[in-house]
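Visitor: I would like a close look at a single part of this structure, with some context for the whole. Please take it step by step.

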Amino acid sequence: MCGIVGYIGKRDVAPLLLEGLQRLEYRGYDSAGIVVTSPKATGLKMVKAKGRVRDLEARVPARFKGTTGIAHTRWATHGAPSDVNAHPHLSADQKVAVVHNGIIDNASDLRRKLEADGVEFLSETDTEVLTHLIARAQAETLEEKVRETLRVIEGTYGIAVLHADFPDRIVVARNGSPVVLGIGEKEMFVASDIAALVAHTRQIVTLDDGEMATLKADDFRTYTTEGTRTTAEPTTVEWEAASYDMGGHDTYMHKEIHEQAEAVDRVLRGRIDDRFSTVHLGGLNLDAREARQIRRVKILGCGTSYHAGMIGAQMIEELARIPADAEPASEFRYRNAVVDPDTLYVAVSQSGETYDVLAAVQELKRKGARVFGVVNVVGSAIAREADAGIYVHAGPEVCVVSTKCFTNTTVAFALLALHLGRTRDLSVRDGKRIIEGLRRLPEQITEILAHEDDIEKLAEQYAE
């Protein structure tokens with residue numbers, strides 16, 4: 001749970017990066033840091049601080065100018081929270097700065113080799129290994145230096161790299177940790193989450209695993225870690241910056257609890273077919289004959305998505321009379337599961353980027369399975385990997401504790417169960433009854449939340 005944000009363009013970069021970190025602070029808040037440069041600068045300037053983003057902001061001097069920069073907010077992985085362990089990390093020659101999400105599995109081995117060569121480490125982090133390797137790479141361009149480094153790296157990463165000798169670019173790479181590019185007018189953004197971008201642009205490109213990008217103020221290009229050019233078409237994000245504001249609520253959790261009625265209305269909108277007492281799920285690309293050929297449903301998710309999948313499996317069995325079960329994706333991907341062509345696999349993820357779920361989807365696709373996605377974020381990695389699926393339309397969920405997305409995911413499973421049931425033996429009468437119940441949900445949620453004061457009293461009474 002960490003956050004990355006970067007910018008290259010003409011604007012003063014520090015305020016932009018600090019604003020982006022504020023929007024990503026829910027991703028991690030034990031420490032934060034920022035490094036900036038510009039085409040006319042003679043080097044990199046960096047400030048880091050243990051604590052919240054506001055602690056970092058208090059340390060940034062008034063004359064901390066630059067037009068290019070990267071920043072990071074951290075939730076401890078390697079090393080205790082401290083100024084030294086905060087990202088970005090600099091190389092010994094102070095020329096390379098790296099921010100990193102993920103875990104470098106072979107960091108200890110690489111660290112020992114570097115120390116044997118005389119490199120002195122300042123932090124306890126795995127990320128510092130990257131900075132020294134990039135700085136020592138023999139390649140001529142920054143892109144080649146990063147590629148050379150990634151060839152010896154094992155593990156997961158989303159990284160952004162600055163180099164004092166190449167102040168006109170930011171190089172980024174992804175393997176198992178999200179990296180999103182934002183395309184502006186003669187300016188470019190990068191972040192680990194759309195939340196940091198939507199205040200400035202809604203045109204985004206999401207990198208795939210094994211993909212890199214070079215960002216310049218007026219251009220960007222994407223390519224594989226082997227150097228082969230890739231085609232990246234920007235997509236338009238439907239969410240706006242206001243979606244990430246607290247809107248008068250004390251916490252994001254409180255706000256998102258109260259957004260559930262509206263969110264459920266969105267997941268139902270345009271999908272109910274009263275004529276045949278069923279639902280339209282156009283994203284499934286599944287006709288009645290194919291639906292009747294399904295012999296089993298296997299649902300894969302992590303955390304809250306897995307729990308929603310457990311409820312979904314029960315509804316599918318009850319309404320469609322198809323054997324169904326849910327399994328943690330983190331367990332499924334490590335066992336040699338039998339992949340049955342008559343089984344429908346359903347991958348569930350709020351972000352659409354959950355690494356264990358994505359890895360399970362990729363393994364299933366490799367074995368020829370049919371995989372559906374139930375995700376919230378349009379254009380996310382799982383949405384792109386899946387054969388078809390359902391968007392749950394919950395809107396951005398900032399709070400770590402899932403509320404509206406859990407509710408909408410469960411409703412999406414009810415729609416899937418109804419769809420499968422009506423193609424099999426579920427009667428028109430039962431279909432109509434279920435649709436009427438689904439339509440009442442937003443009103444019922446609103447009615448329950450109107451009793452918030454009474455619920456709060458009960459919570460205080462029974463919390464312990």
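Visitor: What percentage of the contacts in the chain with a separation of 6 or more comes from residues 24 or more positions apart? After that, please look closely at the open sheet.

Guide: The model is predicted. Residues 24 or more positions apart account for 67% of the contacts in the chain with a separation of 6 or more. The chain has 15 helices and 22 strands. Its radius of gyration is 24 Å, close to the 23 Å that the globule rule gives for 464 residues, so the chain is as compact as a globular protein of that length. Buried residues make up 54% of those 464 residues, and the C-alpha trace spans about 75 × 50 × 45 Å along its principal axes.

Now the sheet. Eight strands form it, in the order β3-β2-β4-β1-β10-β9-β11-β15, with antiparallel pairing. The sheet is open: β3 (45–50) and β15 (235–236) are the edge strands, and each pairs on one side only. At the β3 edge, the neighbour is β2 (residues 31–37), joined to β3 by six bridges, and the two run antiparallel. Valine 36, for example, has lysine 45 in β3 as its bridge partner.

A helix also belongs in this picture. Helix α1 (residues 13–24) lies across β1 (3–8), β2 and β4 (68–74). Relative to β1, helix α1 runs at about 155°. In the sheet order, β2, β4 and β1 follow one another after the edge strand β3.

Terms used:
Residues numbered from 1 in each chain as written. Predicted model: local features only at pLDDT ≥ 70, side-chain atom pairs only at ≥ 80, totals over all residues. Heavy atoms only, no water. Pairing = 2+ DSSP bridges. Helix = DSSP H or I, 4+ residues; strand = E, 2+ residues; numbered from the N terminus. Contact = heavy atoms within 4.5 Å. Axes fitted to C-alpha atoms, helices over the stretch in contact; angles between N-to-C directions. Rg over C-alpha atoms; globule rule 2.2 N^0.38 Å. Buried < 20%, exposed > 50% of the residue type's maximum accessible area, 1.4 Å probe, protein only.
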